[in-house]
Amino acid sequence: MRIHHLNCVTMCPPGGALMDGRQRPKGVPAALVCHCLLVETEQGLVLVDTGFGLQDVLHPRPRLSSFFLGLNRPQLHEGLTAVRQLERLGFKASDVRHIVLTHLDFDHAGGLDDFPMARVHVMNAEVEAAAAQRTWLDRERFRPRQWRTQPHWVTYAMPRGGERWFGFECVRELSGLPPEILLVPLVGHTLGHAGVAIQQQDGWLLHAGDAYFHHQEMNPDRPTCTPGLLMYQELMQKDGRMRRLNQERLRALVRHHDRDVKVFCAHDAVEFERMEEEARSHEEHALRGLGSVRPELGLTEPSLPT
């Protein structure tokens, strides 16, 4: 399988280094990516999360919450949507056969209606919570305009005593997907939140979604988080105890299996840039092995603000 790392819109909340931890000139906002994956498989293209979509860019209100538009200040450029990035890689929207979601927050599911032929794989608890719209926060974060036209849902119950993946319970045999792609429940941020694990020849990737927000949270010895992102996580959490427990489990995974599994979250720019560079190096190494030269595929977006 070949994997592309896509940033499907950068969010620029206020706070600078207090938010993302990167030093920058005074007044320059933070930069939080929306890290999605495009996976080429024998079953067609698979997207892991969609980031913001075309309709979010063209009609942000009332499709998106005014509260989160003001708080996160997404840079809504059409060229950064998943569907436009796919087109630059030579694909069509209809080539995407499956979308695997970490959860249904507005910045992860906004592109669903750009891929009407795709089957959408998600935990059943997430769909139930998003549809119920029980609280003000639920109504702000889960935006039915983003996904109510999507007809092809495939939902999964929380595993109970089933298959294990590096100590985590996981959902095996995702319908129509290769066995190398797994849903790994990581409840806390939302009630149906999950990571997505993908097996490559040299090990696993784990897209941990919003299970954490800053790369230093995965430091197994001295985990830290910026004040801004810590406050944001506490604002958004549906189960704080489970969120903290799953972060501890992810740190244990990093501590004991760092050679086997590369863990990254959805919004950390440092992790995104590192994973993108590793993917590019892997591609170049593979091409050298074939003894051929291919043109640059344009896998990167413009540099993030520094």
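Two strands count as paired if DSSP finds at least two bridges between them. That is the rule behind the first point below. The model is predicted.

1. **Strand 1 and its partner.** Strand 1 spans residues 2-7. Strands 1 and 2 run antiparallel and are joined by 6 bridges. Within this pairing, His 4 sits opposite Leu 38 of strand 2. Strand 1 is mostly covered, with 5 of its 6 residues buried. In a regular strand, side chains alternate between the two faces of the sheet.

2. **Main core.** The largest nonpolar core contains 38 residues. Trp 165, Leu 183, Ile 198, Leu 206, Tyr 212, Leu 250 and Leu 253 have the most contacts inside it. Several elements supply at least two residues each, among them strand 2 (35-41), strand 3 (44-48), strand 10 (194-200) and helix 11 (240-257). Strand 9 (181-185), strand 11 (203-207) and strand 12 (261-264) are also on that list. A second, separate core has 24 residues, including Leu 6, Leu 47, Ala 109 and Ala 118.

3. **Leu 253 in detail.** Which residues does Leu 253 touch, leaving aside those up to four places away in sequence? The aromatic names are Trp 165, Phe 166 and Phe 168. Leu 206, Asp 258, Val 261 and Val 263 complete the set.

4. **Helix 7.** This helix covers residues 124-132, and Glu 126, Ala 129 and Ala 130 are buried in it. Viewed down the axis of helix 7, the buried residues fall within an arc of 95 degrees, so they line one face. Their cover includes strand 5 (119-123) and helix 9 (144-147). Gln 133 follows helix 7 and has a positive phi, near 50 degrees.

5. **His 121.** This histidine belongs to strand 5. Is His 121 buried or exposed? Its relative accessible area is 0%, so it is buried. The side chain of His 121 makes a polar contact of 2.9 Å with the side chain of His 98. Beyond four places in sequence, His 121 touches His 98, Ile 99, Val 100, Leu 101, Val 154, Tyr 156, Ser 175 and Leu 177.

6. **His 103.** His 103 lies in the loop between strand 4 (96-100) and helix 6 (106-109). It is buried, with a relative accessible area of 0%. Its side chain makes a polar contact of 2.9 Å with the side chain of Thr 102. Another polar contact, of 3.2 Å, joins the side chains of His 103 and Asp 105. Leaving out residues up to four places away in sequence, His 103 touches three histidines: His 108, His 189 and His 193. Asp 49, Glu 126, Thr 190 and Asp 210 are also touched by His 103.

7. **Positive phi outside glycine.** Most residues other than glycine have a negative phi. Asp 49 has a positive value, near 65 degrees. Asp 49 lies in the loop between strand 3 and helix 2 (54-58). With a relative accessible area of 1%, Asp 49 is buried. Glu 173 also has a positive phi, of about 55 degrees. It is placed in the loop between strand 8 (168-169) and strand 9. At 73% relative accessibility, Glu 173 counts as exposed.

8. **A cis peptide.** Most peptide bonds are trans. The bond from Arg 61 to Pro 62 is cis, with omega near 5 degrees. Pro 62 lies in helix 3 (residues 60-63).

9. **Cysteines.** How many disulfides does the structure hold? The count is 0. For Cys 8, the closest cysteine sulfur is that of Cys 36, at 3.8 Å, which is too far for a bond. The cut-off for a disulfide is 2.5 Å between the sulfur atoms. Cys 8 is buried, at 0% relative accessibility. Cys 12 is in no disulfide either, and the nearest cysteine sulfur, in Cys 34, is 10 Å away. Cys 12 counts as buried, at 8% relative accessibility.

10. **Gly 70.** This glycine is in helix 4 (residues 66-72). It is partly exposed, with a relative accessible area of 46%. Gly 51 is 19 residues away along the chain, and the two C-alpha atoms are separated by 17 Å.

How values were computed
Residues numbered from 1 in each chain as written. Predicted model: local features only at pLDDT ≥ 70, side-chain atom pairs only at ≥ 80, totals over all residues. Heavy atoms only, no water. Core = buried A, V, L, I, M, F, W, Y, C linked by side-chain atoms within 4.5 Å. Buried < 20%, exposed > 50% of the residue type's maximum accessible area, 1.4 Å probe, protein only. Helix = DSSP H or I, 4+ residues; strand = E, 2+ residues; numbered from the N terminus. Contact = heavy atoms within 4.5 Å. Arc of directions from axis to C-beta. Polar contact = N/O pair within 3.5 Å; in protein donor to acceptor, adjacent residues only side chain to side chain.
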